[in-house]
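Q: Could you take a close look at the ligand site in this model and walk me through what surrounds the ligand? I'd also enjoy a short tour of the backbone and the cores afterwards.

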Amino acid sequence: MTFTSMPLAPTAPAPILALHGGAGAIPRAELTPELDREAREGLRSALRTGWAVLEAGGPALDAVTAAVQALESHPAFNSGHGAAVNRAGFHELDASVMDGATGRAGAVAGVRHIRHPVLAARALLTEADPLLLIGEAADAWAKGRGLEMVDNAFFTTERRRVALDRTLQREAEGTAAQASEADRHGTVGAVALDRHGHLAAATSTGGYTAKPVGRVGDSPIIGAGTWADDRTCAVSGTGKGEHFIRTALAHTIHARMLYLGETLEQAAQAAIGAVTALGGGAGLCAVDMRGNVTLPFNTEGMYRGWISARGVFVAIHED
Ligand code: ASP
């Protein structure tokens, strides 16, 4: 018997990019129309920046780096300019990137002068070794690579300074538990699937308001706040970093998909559930190898959105 088989035309994956601007969204009751507009415009503009890369056929790694760089420039979000202030009144920034195609990653922690920490993380990914640099050494390394350096005060905004005063006052009064999620959390992150089926993730943060000097959260820890693997998914987290590290959150989502056969949605819900059980705020953006996106959070709101050829979506609370 003879028959002719027609190989199926390989369908190129439909590119998609999703991002978050932190699980510490301003509570609905305090969100003025101006702040709402500012945040949504910031999200849309970062989505378009990342999308321009994907639409041109560029790699997911470039798309997530560009989207996070845009969010780092925006004062509404806790990263780069607009980052949270530590308890000594200055900024220590963390960032990481991971490429799902190669498994390579780069990260910086506790940096004080790199204007775009995500670009330093990206440069480390390219060099491959070392993967993670901290503090002064990371600043010096980035300067040596020609990255833009700024005074630490460049990152400060009036809003973050007020949040620090409010937090320290609450601590003195013993009412710290009443702090809003907006005073507590924030981070930015992006995940993407490109036309070639490759996944990538990037995350950048100022940590949380009034954090101790030298404290490092999950955002620069590969497997905690960031993960990407072409076989499964790309993840960027936001929330109580200590809990993300303890639950290896981003890697756990990948592992649940790979070893348990769970969907992205199931694995992400389980991971958020693990942080909720520890008593912490948590959120994330994630995309799988087929282009499914999930944006779960257990806080009142999370700045978030996605963009694909089908359109753009942005949201802050459960709307
Ligand atoms: N995950 C960040 C950290 O722990 C903060 C946050 O997203 O709220 O540094």
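A: Happy to; here is the ligand site, followed by some backbone details and the nonpolar cores.

A word on conventions comes before the site. This is a predicted model, in which local features need pLDDT of at least 70 and side-chain atom pairs count only at pLDDT 80 or more, while totals for chains, interfaces and linings use all residues. Residues are numbered from 1 along each chain as its sequence is written, and side-chain values use heavy atoms, with hydrogens and water left out.

The ligand sits in the second largest pocket. A pocket here is an open set of points on a 1 Å grid over the protein atoms alone, where a 1.4 Å probe fits, with protein on both sides within 12 Å along at least five of seven lines; a molecule sits in it if more than half of its atoms lie within 2 Å of its grid points. The residues around the ligand (a heavy atom within 4 Å) are His-185, Gly-186, Thr-187, Thr-205, Gly-207, Arg-215, Gly-217, Asp-218, Thr-238, Gly-239 and Gly-241.

Some of these residues have N or O atoms at short listed distances from the ligand. A backbone N or O atom of Gly-186 is 2.8 Å from a ligand oxygen atom, and a polar side-chain atom of Thr-238 is also 2.8 Å from an oxygen atom of the ligand. On the Asp-218 side chain, an N or O atom lies 2.7 Å from a nitrogen atom of the ligand. The protein covers 99% of the 270 Å² of accessible area (Shrake-Rupley, 1.4 Å probe) that the ligand has on its own.

Now for the backbone. Most residues other than glycine have a negative phi, and most peptide bonds are trans. Ala-210 has a positive phi of about 65° and is found in the loop between β6 and β7 (226-228); helices (H or I, at least four residues) and strands (E, at least two) are DSSP runs, numbered from the N terminus. Ala-210 is buried, at 3% relative accessible area, where buried means under 20%, exposed over 50% and partly exposed in between (1.4 Å probe, protein chains only). Asp-129 and Pro-130 are joined by a cis peptide bond with omega about 5°, and Pro-130 belongs to the loop between α3 and β4 (132-134).

Finally, the cores. A nonpolar core is a set of buried Ala, Val, Leu, Ile, Met, Phe, Trp, Tyr and Cys residues joined through side-chain atoms within 4.5 Å. The largest has 36 residues, and Leu-17, Leu-19, Phe-77, Val-97, Ala-192 and Tyr-303 touch the most other members. Its largest share, 8 residues, comes from α2.

Methods:
A polar contact is a pair of N or O atoms within 3.5 Å; within protein, one must be able to donate a hydrogen and the other to accept it, and residues adjacent in sequence count only if both atoms are side-chain atoms. On a 1 Å grid over the protein atoms alone, a cavity is a set of points where a 1.4 Å probe fits but cannot get out, and a pocket is an open set with protein on both sides within 12 Å along at least five of seven lines; lining residues have an atom within 4 Å of a point.
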